[in-house]
Structures are given as C-alpha cells and as structure tokens.
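Student: I'd like to talk through this structure with you, beginning with the empty space inside. Could you put it up so we can both see it?

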Amino acid sequence: MLELKGLKKLFKGISVLNGVDISIQQGTKIGLSGGNGTGKSTLLNIATGFLTPEEGAIILNGDNITHFEAWKFARLGVKRTFQKVRFNEALILKEQLHTSDAIIKRNLDMLKDAGLIDYLYAFPNEVPLPILRKVEVIRALLERPRYLFLDEPSAGMAATDLHDFGEFLKEHLDADISLVVVEHRLELMKKIDANIIELRDGKLDNGNIIA
Amino acid sequence: MSLYFVTILTNMTLISFIAISAYLILIVGEVSFGQQAFFGIGAYITATLTTLLGLDIVIALFFSFMVSASFALVLSVLTIRLSGFYFAVASLSFAELFRLSLYKIEYTVETNSGTVGPNGPEGFQNIRWIFENNVSPDNFLVIAVSSLLALIILLIFMENSKLFKNARLVGKDQIVAQSIGIRPFFYRVGFITLAGGVAGFGGGLFALFNTYIEPSMFGIMLGVHGLAYSIIGGLGYPLGPLIGVFIDIGLLESVRFLSEYRMILFGGLVAAILIIFPEGIISPRLISRIKRKLVKKTNA
Amino acid sequence: MEYIQISIDGILYGSSYSLIALGFSLVFGVMRRINLAYGSSLLLGVAIALWVENELNISIIFFIPIVLFFCSMSNLYVERFCFAPHNTKAGVVVSMISSFAIWMQLDEISSQLLPDRTHSFPSLQISTFEVGGLFFRGDQILNIFIAFFISAILFLAVYKTKYGIVLRAVANSADTAKLMGCNTKLVNSLTFILAGVLGGIAAFLVLSTESQVTPLFGFWCTVKGLVAMMIGGLGSLTGAFWGGLLLGLLEAHFSYHFGPVFREITTFSILLIVLIIRPGGLMGVNIYKDLKSRDERI
Amino acid sequence: MAGEKILEVEGLETSYDMIKALKGVSISALSGKLTCILGPNGAGKSTLLFTLAGILNSDQGKVIFAGEDITNQKTSDLVEKGLALVPENRLIFPHLTVKENLLAGAYARLAKEREKVEQDISAMYARFPVLKERSSQLGGTMSGGEQQMLAVARALMSKPKLLLMDEPSVGLAPMIVDEIFSIIKQLNAEGISIVLVEQNASKALEIGDYFYLLDQGKQIFGGSREAILKENIIKKAYLGESAG
C-alpha cells in the first residue's frame with residue numbers, strides 16, 4: 001500500500017498542495033482529476049519522488065520513503081510517465097526501452113498491441129504521439145512496477161486515440177498493479193473503470209477519499 | 001618512418017588519452033575543463049615511480065591510473081551537486097590548483113644520471129626510462145598506439161553494454177533515468193573517476209616519452225584542446241575524439257604553412273563546427289542512423 | 001600597520017577585479033550564459049589598439065576610445081560567433097564550450113600582434129602618496145573610484161532607467177520579453193558591446209597601472225573576473241563589485257604570508273570552495289534548494 | 001469600425017514539438033467583439049494563439065490582421081501593429097516590480113512617448129486599483145489573480161487593437177475567475193476586440209459573442225452563442241463521443 005499523508009507543497013510562497021491524503025491499495029485504479037493548475041502534476045511528482053513535500057509523508061508498505069531519491073522510488077516499483085513525452089531524439093525507440101532483447105521477445109504481444117513493432121527502429125520524431133505515449137507506458141511496465149502513475153496521457157491525443165490507449169491499458173495492466181491517472185478529461189478514467197478523485201485548490205474535493 | 005613523423009604520431013596518440021577522458025565525462029552529461037590535471041598527475045606519478053623507485057613501467061602506469069582516478073573520484077564526490085557551467089568551472093579551478101601546487105613541490109635526488117624528482121618550476125627532469133631500456137621512438141610509438149587501441153577496443157565493446165547505455169541516459173536526461181530506476185550519482189562518479197584514470201595513464205606515457213615534464217605543460221590550453229577534440233568529434237562513438245585529434249595535430253600542426261596559425265585556425269574551426277554540428281561530427285543520432293541502416297540490410 | 005597596508009593594497013588591487021567582474025556579471029545577468037573568452041577578447045581589443053597606436057602614433061586621449069572600441073568589437077565577434085548561433089536551451093553548454101575554444105584563437109591572434117612577450121602600455125603617470133605612514137598608489141586610487149563610479153552608474157542604469165527595465169525583462173524571462181515585442185537578439189548584442197566597453201575601461205586602467213601587457217592578460221582577466229563574480233553571486237552587479245574587493249584583499253594577505261604563488265592558489269581555492277559550499281555565491285541565491293528537482297519543471 | 005473583420009485566419013497549419021498541432025484552421029474575429037476559442041486540452045488552441053502572435057511559424061495558411069497579411073511576421077512587428085498577447089500562466093516578470101512590468105509592456109513606445117506611457121500607467125492604476133497599491137512590489141510576490149490583472153494591464157500598455165488571451169482562468173480560484181471574466185467583459189464593452197482561448201467553456205459562454213470549437217487541430221464548429229448552445233456540440237467535443 002502506498003500512502004500519501006498530509007502532503008503540503010509551496011512554490012515561490014504560493015501553496016500548491018494544502019494537505020492531501022490518499023491511500024493507494026494494491027491493484028486499485030484511481031483517476032485524479034482537477035482543472036489546470038490545481039496541483040495534480042505536483043502531487044504526481046511528489047508521489048514518484050521527483051519533488052519533496054514541505055510537509056507530510058509518503059509511506060510504502062509501512063516504510064517512510066519521503067526523502068528517497070526518485071530512482072529509488074522507481075526501484076521500489078513506483079513508476080511514472082510524463083505529460084510531455086520524454087525521449088532522446090537521437091536514439092531509436094528500441095534502445096529507449098532500456099531493456100534486453102530477451103525481455104522484448106517476452107513482451108512481444110504488448111509491443112504489437114501498442115503498434116510499436118513497426119516503429120522499433122524509428123526515431124521519436126518519426127512516430128505518432130499516441131504510440132509514443134504507449135511506449136512510455138511499456139517502458140515503465142517492462143520492469144513490472146507495482147504502482148504506475150500516468151501524467152496527463154490525454155494531452156495532444158484525439159478522442160479515438162484515447163479510446164485505444166484505454167483499451168491498451170485494460171489489456172496489458174496486470175490486476176495487481178495500482179494505476180493512478182492524473183488527467184482532467186474523464187473519458188479515459190471511465191474507460192478503465194477508475195475511482196475518480198478531484199483535486200481542487202490543493203486539496204482533495206469532497207473530503208479526502210480513500211480509494 | 002622519419003623521426004618527425006613518429007613524433008607527431010606519438011603526440012597524437014598521447015593527447016588522444018585526454019580527448020577520450022573528456023569524452024567519457026561528456027557521456028554522463030558534464031563538461032570538464034580540467035582533464036589536463038589528471039594527465040599531469042599521471043605524468044608526475046610515472047616519472048616519480050620509474051626514476052626514484054625504479055619501478056617497472058607497467059606498475060608505474062597502473063599507479064598513474066589509480067592515483068589520477070582517486071583524485072577524480074574525490075573531485076566528483078565533492079562536486080556532486082554541481083552540473084553544467086558550475087561543474088566545468090570547478091574542474092577548471094581544480095586543475096589550476098594542481099598545476100600551481102606543482103610549483104611548490106620540490107623533492108629531488110641526485111643520481112648518476114643527473115638530478116631527478118619534482119623540482120618546482122624547474123619541472124621533473126631526466127626521466128630516462130626510454131634510454132635505460134633502449135626503447136627507440138618507433139618502439140615507443142608501438143607501445144603508445146597499442147595501449148590506445150586496447151582502450152578504444154574496450155570502449156567499443158562496452159558501448160553496447162548496459163553500463164554505457166545507462167550512463168548515456170544519465171547524461172541525456174536524468175529525469176527519465178531516475179524514472180526507470182537508474183541512480184545518476186553512481187554513473188556520474190564512476191565515469192568521472194574512469195576519465196581521470198584514463199587521462200592519468202596517458203600522462204604517464206607522456207612523461208616517459210618526453211623525458212622531462214614541467215608544470216606549465218599542464219596548463220589550461222591542454223584541457224581546451226582535449227575537450228575541443230571530443231566535442232567536435234562527437235559523442236556517438238569512441239572514435240569521435242580521434243577525429244578532433246587528427247584535424248588539429250594531424251592536419252594543422254603537421255602542414256608547415258598552417259602550423260604557424262594553428263591555434264587561430266583551430267579555435268575558429270571548433271566554433272564553426274559547433275554551429276554546423278552542435279553535437280559533433282559523429283553524433284549519437286548519426287550512429288543510430290548507421291545502426292538502423294545495418295539492421296535493415298541484414299533483414300533484407 | 002603592516003597589516004593595514006597590505007589590506008589597502010589588496011583592496012585597491014581588487015578594484016580591477018571588480019571592474020572585470022562587472023562585465024561578466026552583466027552578460028551572465030542578461031543571458032544566463034558565461035563568456036569564457038571575455039578576458040581574451042579584452043586582450044585582443046588592447047592588442048589591436050596598441051598596434052594602431054604604433055602605426056599612427058596617437059596620443060593617450062585618442063588611445064582610450066580606440067581601446068574601448070576594439071574591446072567591444074571583439075566582444076561582439078564572440079557573441080555573433082559563439083553565442084548567437086546557439087540560442088536554444090541545449091545551446092547553453094555548447095556556447096560555453098564554443099567560447100572556451102575561441103579563447104585560444106583570440107589569445108593567439110593577440111600574441112601575433114604583440115610579438116615580444118611583454119609590450120609597454122601607456123601609463124597615466126600618477127604618483128604614489130603617503131597618508132599617516134600608509135602608502136597609496138595614485139593610479140590604484142583612481143581605479144577604485146572609477147570601479148565604484150561605474151558600478152553605481154551601471155546599477156542606476158539597470159534599475160532606474162527604462163532601458164534597464166528592458167534589459168532586466170530579458171534577463172528575467174527572454175521568452176516573455178519576446179512576447180512584449182522586445183528584440184531579444186538586439187538586446188543580447190548590445191549587452192556584449194556594453195560589456196566590451198566596461199571591460200575596455202577595466203583593461204585600460206589595469207594595464208596602465210602595470211604599464212605593460214603580456215599575452216597572459218586574457219587568461220588573467222577571465223579567471224579573476226569569473227572568481228570575483230562567483231564570490232559575489234552570479235549575475236549580481238553589487239556582488240561583483242564587492243566580490244572583486246574581497247578577492248583582492250584575500251589574495252594580498254595570502255601572497256604576503258605564503259609567497260607569490262599563493263596569490264593564484266588563493267584565487268582557485270576560493271573558487272572551488274565557494275562552488276562546493278555555496279554555488280550561488282556568497283551574496284547570491286542558494287540555487288539548489290530543492291535538490292530533487294534542481295534542473296527543471298517536469 | 002465595429003462589425004469589420006479585424007482578424008482573418010485561413011487554413012492555418014502549424015507544427016509544434018514534432019506534432020502537427022493545427023491542421024487547417026480558419027476563423028475570423030470581428031472588431032469590437034469577443035471571440036472565444038474553445039476545445040479540450042491538446043486541441044491546438046494555444047498553438048493557434050502562438051501562431052497568431054508570431055511565436056510559432058505556420059507551415060501553411062494565411063493570417064490577415066486589420067486588412068494586412070501578417071503571416072509569420074516577427075512578434076516585435078506584430079506588437080507594433082497592435083496585437084498583444086496575454087500568455088497562459090500569466091508569465092509576468094517575477095523579478096520586476098509591478099510598475100516595471102507595465103513599462104515593459106509598453107516596450108515598443110518606451111523611447112518615443114515617455115509622458116504618454118506615464119499617463120497610461122496612471123490609467124491602468126485607475127482601472128486596477130490593486131496594481132497601484134502594489135506598484136513597487138515585485139511581480140512574483142503577488143497572488144495569482146493579481147498577477148493575471150497585471151498580465152492584462154501589461155498587454156493593454158501596448159495599446160493593442162486586438163487582445164489575445166490564453167486561458168486566463170488557469171489555476172485561479174473560482175471567485176477570482178469570476179472577477180477576471182468580468183474584467184474581460186468590461187474591456188470588451190469599452191470597444192477592445194478580444195480573442196479568448198479558454199478551456200472553461202461554461203465561463204466563456206457567459207461572456208463571448210462568437211465561438212469556435214477546436215478538436216485535434218481542426219475547427220469543428222463556428223458560430224454565435226445561440227448556435228453553439230443549440231448544437232450541444234461542446235459536450236460531444238469534450239467527452240469525445242462522436243467528435244472527429
């Protein structure tokens with residue numbers, strides 16, 4: 001169980017998160033919604049170790065990991081994708097999975113479903129965004145994470161692409177992986193049957209739901 | 001081969017060690033203006049061990065590698081919070097500090113081949129290893145080139161290893177690296193240390209070849225050149241730094257009518273190449289393109 | 001008494017560091033970039049001016065504007081060649097390396113122009129005077145006044161005039177300034193020219209107190225300016241002024257007690273220690289507050 | 001003047017970040033009216049504004065402003081011609097004081113009309129009293145709503161004929177959003193032509209005259225408030241049931 005307790009974060013004196021509590025049980029799917037600038041991305045960055053909260057704690061299976069560095073979060077199975085897809089423009093996609101041929105072979109189905117097979121030897125700028133988004137998910141999934149955070153996967157995606165993306169997640173996400181989608185469009189969350197929590201003014205709306 | 005030609009080739013080989021050490025640091029995303037210091041440390045260590053202790057060249061070079069690497073390790077840990085410009089200036093000040101302290105290090109011993117040992121601004125004279133062991137310039141060139149080749153072949157083999165790929169990722173995008181569980185600290189410290197060792201090894205060879213070394217040899221211009229070679233060569237492949245070496249020493253210095261203006265031409269050339277190829281001539285993207293072509297050929 | 005005399009000498013000497021650091025700070029403040037060829041372009045400006053002076057045999061009144069002109073032109077050359085082509089975010093490091101490479105070009109041209117290792121430089125001929133047993137070099141007193149005067153003018157110009165607002169707007173956020181219709185490229189070029197003029201004044205004052213110029217002057221300028229700026233705080237004008245004086249003071253004491261090599265050793269030790277302990281400079285900001293997210297917004 | 005086309009965009013195509021973000025958008029804005037551009041995140045709204053403001057260059061298409069072809073002109077020229085952008089997330093200069101921010105907004109005429117600029121600043125203070133109170137405070141120390149007002153005032157300092165506003169409601173509390181929107185409405189009532197890009201469709205519907213709806217870089221609707229309400233098209237676009 002990944003628990004976020006009383007998280008507070010300030011940016012330049014302005015409070016972005018103002019006491020957020022969420023417990024994420026193994027295998028649950030959560031949709032974190034909220035308008036632009038409500039602190040969704042900040043919450044995700046804190047939960048995956050890329051920012052340190054001013055107050056509050058992150059507890060993974062009883063251990064306090066608040067001040068661990070981001071790489072340690074990833075090794076402990078807390079992984080993420082990025083709102084603006086992050087790829088090295090100088091490498092072909094196959095290399096950007098950062099894994100071995102054997103693992104690629106084992107996950108061939110997933111790669112096929114993502115439409116990645118045709119693009120394994122392509123540079124990121126030659127690949128459509130919807131596929132790049134799936135590649136980011138695959139990159140995180142190959143090491144079998146226990147918690148996966150998706151940062152605004154709908155940005156730049158059309159409705160049909162988002163539909164595909166949802167199908168892909170449903171198909172390839174193991175039941176024991178907890179998924180947190182940070183997103184302001186609800187369609188994807190509905191697609192994957194996520195419990196929706198709304199963030200408003202740095203706090204969870206309608207009290208702090210425990211999903 | 002004429003002596004002139006052999007000398008040029010040996011110089012090219014020796015400076016390649018600095019270029020490669022700058023390259024190794026660039027891989028993890030930092031810029032060092034201070035690799036000349038590790039070259040210098042290596043040179044003084046080998047000089048000391050072969051003359052004062054009479055140790056074998058292999059042991060001397062091994063210690064050159066280890067001691068330079070240890071200095072680099074300390075520097076990289078101290079500067080762990082610094083990146084970009086800050087790291088570059090920190091490495092520069094480290095290098096100058098080292099060079100200036102050489103002026104203060106004096107420990108000389110009289111031997112039957114003359115005064116040996118570091119002697120402040122006078123430098124370290126009478127490093128007579130090549131004379132005592134009757135190594136001709138040609139043979140020394142063979143030693144230097146084969147060490148360099150061994151290093152490059154090792155790097156080429158390592159190129160596809162997880163270690164190097166992760167290091168490149170750390171250099172390119174620490175955020176993605178962390179997001180897949182790679183610890184940037186480890187790669188940064190590791191590569192800066194390795195780079196220090198490589199420069200130190202080259203410095204050791206340099207001391208033996210030159211038979212005398214002095215502090216002013218390890219000034220900032222040596223570092224500028226080493227860095228410039230690897231920058232214009234590009235970060236795609238370990239052979240990149242050698243391109244820079246070849247352009248500068250192979251072309252500019254050895255062509256007589258150019259050599260007088262070598263520094264002027266080379267400085268401008270580096271800036272111009274950076275405008276055309278901001279990532280160097282053999283850029284990572286170029287290497288990826290070539291690899292892709294090869295894969296397509298074998299599949300077809 | 002001896003202690004006071006050394007301090008006075010150090011601070012007076014440090015005023016030249018302040019002047020050079022101001023030029024560095026100006027460029028860094030506006031562009032967030034470091035021009036490592038700054039000292040060398042000043043050396044080149046001086047070398048060309050001396051060459052012109054030799055050819056035309058002009059008086060010192062005309063010599064000063066010629067120095068300023070060529071210093072700003074060589075600085076502009078560096079901007080056009082090393083900075084303007086690399087105006088993206090990835091270009092920050094590339095432009096620094098490029099200026100590092102152009103350093104050797106400028107130094108080499110200068111030493112071709114000044115064939116003897118040292119070359120005499122017109123001196124202002126101001127005598128040393130004594131107050132209560134303490135000696136003051138007249139030209140160095142002039143230096144510190146000019147340094148103070150220039151940093152005050154620069155400070156007022158940057159913080160109180162409308163052109164200063166444009167400069168600071170670009171420094172604050174070049175992208176937003178562009179939205180306001182500001183020609184940021186022009187501002188960058190003008191900043192380099194202004195830094196060249198400042199550096200030219202500094203170079204003239206320093207060299208006239210030494211009454212000679214050597215090819216090492218370029219390296220000397222870059223290192224001292226850089227260290228003084230980093231001690232004071234990157235991009236801070238007042239910081240650059242005080243940083244220079246502090247550096248001069250420390251150097252004077254260390255070199256007096258431990259020998260001349262320690263003047264330089266002090267410089268680099270201070271730089272390394274400041275970088276390791278407080279990278280933002282003594283008077284600057286602490287740049288690494290949130291270590292985890294130090295480089296960017298994700 | 002009112003009723004004339006102040007801005008006309010024809011078949012605009014722009015790529016951004018390796019992606020073709022605009023795939024042929026044609027819109028027009030009438031002088032003195034408030035034109036709203038709506039659409040979900042990633043629909044290309046901001047790319048459209050950036051292209052209009054000269055920050056991004058278009059691959060194809062034409063932009064005509066006040067009868068003049070301004071396609072792919074530089075931002076600095078456009079500002080002088082009377083086009084001002086209030087960027088998303090305000091983007092005020094945090095290290096400049098409020099007054100200096102306003103002066104920076106008058107960049108193009110700072111040298112020529114000093115006194116006029118001072119008068120305009122007084123006028124801005126009269127319009128936004130909070131800016132007068134804080135005139136010597138650093139921009140970065142103000143609250144989000146105050147920063148948004150500053151951003152609007154700064155854009156007005158260039159005396160624009162057309163004001164482009166990018167998501168003024170982002171990251172602001174609902175109460176502040178109401179205030180900002182009433183300011184926008186008031187500016188429009190005073191005769192300033194405005195093109196407003198907004199994600200918060202319901203707020204935009206309250207004040208806009210004409211509406212365009214973008215999805216996936218294409219414009220899927222254009223018309224008056226009545227038309228857009230009748231079509232029920234907004235809901236479809238936002239929820240993506242049959243758009244595209």
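Student: Which helices and strands of chain D each supply at least two residues of the lining of the largest cavity?

Tutor: Bearing in mind that this is a predicted model, the elements of chain D that each supply at least two lining residues are helix H2 (75–81), strand E6 (83–86) and helix H6 (144–156).

Student: And what volume does the largest cavity have?

Tutor: The volume of the largest cavity is about 100 Å³. Its lining is made up of 13 residues, and the closest to its centre are Leu179(C), Val79(D), Leu83(D), Ala84(D) and Leu85(D).

Student: How many nonpolar, polar and charged residues does that lining have?

Tutor: Sorted by class, the lining of the largest cavity has nine nonpolar residues, three polar ones and one charged one.

Student: Why does the largest cavity lie between the domains of chain D?

Tutor: Both domain 1 (1–82 + 160–244) and domain 2 (91–159) of chain D give residues to the lining of the largest cavity, and therefore it lies between them.

Student: While we're on those domains, what separates their centres in chain D?

Tutor: Taken over C-alpha atoms, the centres of domain 1 and domain 2 of chain D are 24 Å apart. As for contacts across the two, 16 residues of domain 1 of chain D are in contact with 12 residues of domain 2 of chain D.

Student: Back to the holes, how many cavities of 30 Å³ or more does the structure hold?

Tutor: There are eight cavities of 30 Å³ or more in the structure, and the second largest has a volume of about 60 Å³.

Student: Which elements of chain A each supply at least two residues of the lining of that second largest cavity?

Tutor: In chain A, strand E2 (14–24), strand E3 (29–33), helix H1 (40–47) and strand E8 (178–182) each supply at least two residues, and H1(A) gives the most, with three residues. The residues that line the second largest cavity include Leu4(A), Ile30(A), Phe149(A) and Val182(A). By class, this lining has 11 nonpolar residues, with no polar and no charged ones.

Student: OK, pockets now. What volume does the second largest pocket have?

Tutor: The second largest pocket has a volume of about 1500 Å³. Of the 44 residues that line the second largest pocket, the closest to its centre are Ser216(B), Gly219(B), Ile220(B), Met221(B) and Leu216(C). The classes in this lining come to 26 nonpolar, eight polar and 10 charged residues.

Student: Which chains share the most contacts?

Tutor: Among the five pairs of chains in contact, chains B and C share the most contacts. Chain B and chain D, on the other hand, are joined by no contact, and their closest C-alpha atoms lie 16 Å apart.

Student: Tell me about chain B by itself. How many helices and strands does it have?

Tutor: Chain B has 14 helices and two strands. Its radius of gyration is 20 Å, close to the 19 Å that the globule rule gives for 300 residues, so chain B is as compact as a globular protein of that length. The C-alpha trace of chain B spans about 65 × 45 × 35 Å along its principal axes.

Student: And what share of the residues in chain B is buried?

Tutor: Of the 300 residues in chain B, 56% are buried. Looking at contacts in chain B with a separation of 6 or more, 74% are between residues 24 or more positions apart.

Technical notes:
Residues numbered from 1 in each chain as written. Chains lettered and ligands numbered in written order. Predicted model: local features only at pLDDT ≥ 70, side-chain atom pairs only at ≥ 80, totals over all residues. Heavy atoms only, no water. 1 Å grid on protein atoms, 1.4 Å probe; cavity = no way out; pocket = protein on both sides within 12 Å on 5 of 7 lines; lining within 4 Å. Points joined across faces, edges and corners; volume = space filled by probe spheres on them. Helix = DSSP H or I, 4+ residues; strand = E, 2+ residues; numbered from the N terminus. Nonpolar A, V, L, I, M, F, W, Y, C, P; charged D, E, K, R; others polar. Domains from an automatic or database assignment. Rg over C-alpha atoms; globule rule 2.2 N^0.38 Å. Buried < 20%, exposed > 50% of the residue type's maximum accessible area, 1.4 Å probe, protein only. Contact = heavy atoms within 4.5 Å.
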